[in-house]
Amino acid sequence: MFSKTSGVGVIVNIARGLVVVPRRVVFSHLGDVEISISSLLKVPAETVFMHPIYNLAIIQFNPARLIGKGVKVAQARVPVDPKLKPGDACMFLGLTAKEEKLIQKCNVTSKESPYFGKSNPPRYVQTNQEFLVFDQTVSLYSSNGGIFFDNNGKVGAFWFVVDSPQQRGTEPDFRAIPAHIVYDCVKWLEKKVPGKSARDFAKIPVRSLTASLGSVSLGRYRTAIGISDAWVKKFATVDIDQTHQILTIKRVMADSKPAKVLEQGDFVLSIDNNPVVTFEQFENAVHEKDKVTVTVLRNREEKSFEVETEPLMGFSIDRVVFFGGLILHPTFDAVKNLGYIPKEITDGGVYLTGLKAGSPAARGRLNANGWLT
């Protein structure tokens, strides 16, 4: 019934004791967290933020606990510009599962924007996130996570484990998150919540259109989509990485405000009259706005809608009830992200996420991953 996970974290603010970790490592804020430093010292920590979209969480420890303990720590540094891009050379520093250091040279080969699909049973899966691809993935997979840095020691990417529904077997799946995405999030939170304690990070919503995106090639599907030459020229002005793609909506979170307007199969043209061609541009255009104007291509026709954004919270489950072998809690975002909630369910409903073998609930032949009505 209880799970234990471990992984690599990176200190991003030593004064406040802030550490960034992948969400698969800290999959809930309801558990206990402990940090191991140099295999010499273990200190307690707490989860203060879980990004509802990106694969990152923030935990906090008390830096005073390190004084006089004989360990040295430093926070990672990130270059403001330029960012790592295909063709760049860098170094990788990581830890193995036995907390042994792994260092090697790497080259950025490309960028990727994978669509991870649906998870069954429902659980958090990162969406709308872009990653860097490196040429030494065989060696990198022997690590438990780490960082990529340049000749000046500044971090360009984080090597984090991800949740992948298509994953087979027991080997974890890792991806390289561009460092600026992580640091932009941390700086945004620190600006909202100054001071030593970061507990109020969890109270800050990330505004979203709740759309899980995919992309298609303009070169291959431009005629079939029916996009005009004018829009192709607009895309070229913001397509810095020359992706030559257009974003398409795979699904929209059920019971959300954007679900009343956006539809599966819409091609995204612009947000507030600004063309968007990447996942990052799409999310950055809405994450602090209550309402935006979204222009899409639907059935080969251009349409514009005023859409209210949804405030998403990383701590979507704050209470769990165990009763008669049942594991119950409110309907959480991972379930809504599947795109469907029965009409009989009102106010989110009570979700049955699991049951214990041999319990009264199991003998009553109840099934997990459903609602109690």
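This briefing covers the overall fold, the nonpolar cores, the empty spaces and a few single residues of one protein chain. The model is predicted. Seven helices and 23 strands make up the secondary structure of the protein chain. Buried residues account for 48% of the 373 residues. The largest nonpolar core has 36 residues, and a second, separate core has 34. A search of the whole structure finds two cavities of 30 Å³ or more, and the second largest pocket holds about 760 Å³ of space.

**Overall shape and packing**

- The radius of gyration of the protein chain is 22 Å; a compact globule of 373 residues would have a value near 21 Å, so the two agree.
- Along the principal axes, the C-alpha atoms of the protein chain fill a box of roughly 65 × 60 × 40 Å.
- Of the contacts between residues at least 6 apart in sequence, 63% join residues at least 24 apart.
- K42 and I271 are 229 residues apart along the chain, and their C-alpha atoms are separated by 46 Å.

**Nonpolar cores**

- Within the 36-residue core, the residues with the most contacts are V20, I58, F158, L189 and F201.
- Five elements give two or more residues to this core: strand 1 (10-13), strand 2 (18-21), strand 4 (41-50), strand 10 (155-162) and helix 2 (179-192).
- Helix 2 gives the most to this core, with eight residues.
- L189 touches F49, I58, F201 and I204, leaving aside residues up to four places away in sequence.
- The second core, separate from the one above, has 34 residues, including V26, L41, L66 and A176.

**Largest cavity**

- The volume of the largest cavity is about 60 Å³.
- Its lining is made of P114, Y115, F116, G117, V125, Q126, T127, N128, S212, L213, R251 and F279.
- By class, the lining of the largest cavity has six nonpolar residues, five polar residues and one charged residue.
- T127, one of the lining residues, lies in the loop between strand 7 and strand 8.
- T127 counts as buried because its relative accessibility is 17%, under the 20% limit.
- Beyond residues up to four places away in sequence, T127 touches I53, Y54 and S212. S212 also belongs to the lining of the largest cavity.

**Second largest pocket**

- About 760 Å³ of space lies in the second largest pocket.
- Of the 26 residues that line this pocket, K111, E130, I240, D241 and T278 are the closest to its centre.
- Strand 7 (101-112), strand 8 (131-134) and helix 5 (279-284) each supply at least two residues of the lining.
- Helix 5 has the largest share of this lining, with three residues.
- The lining of the second largest pocket divides into ten polar, nine charged and seven nonpolar residues.

**An exposed lysine in strand 4**

- K42 has its place in strand 4.
- K42 is exposed because its relative accessible area is 53%, and the exposed class begins over 50%.
- The contacts of K42 are with E34, I35 and S36, not counting residues up to four places away in sequence.
- Strand 4 is also among the elements that give two or more residues to the largest nonpolar core.

**Positive phi outside glycine**

- E99 has a positive phi of about 65° although it is not a glycine.
- The loop between strand 6 (89-95) and strand 7 holds E99.
- E99 counts as partly exposed, at 35% relative accessibility.
- N369 is not a glycine either, and its phi is positive, near 65°.
- N369 is found in the loop between helix 7 (360-363) and strand 23 (370-372).
- N369 is partly exposed, with a relative accessible area of 34%.
- Both values fall in the partly exposed class because that class lies between 20% and 50%.

Methods: Residues numbered from 1 in each chain as written. Predicted model: local features only at pLDDT ≥ 70, side-chain atom pairs only at ≥ 80, totals over all residues. Heavy atoms only, no water. 1 Å grid on protein atoms, 1.4 Å probe; cavity = no way out; pocket = protein on both sides within 12 Å on 5 of 7 lines; lining within 4 Å. Points joined across faces, edges and corners; volume = space filled by probe spheres on them. Nonpolar A, V, L, I, M, F, W, Y, C, P; charged D, E, K, R; others polar. Core = buried A, V, L, I, M, F, W, Y, C linked by side-chain atoms within 4.5 Å. Buried < 20%, exposed > 50% of the residue type's maximum accessible area, 1.4 Å probe, protein only. Helix = DSSP H or I, 4+ residues; strand = E, 2+ residues; numbered from the N terminus. Contact = heavy atoms within 4.5 Å. Rg over C-alpha atoms; globule rule 2.2 N^0.38 Å.
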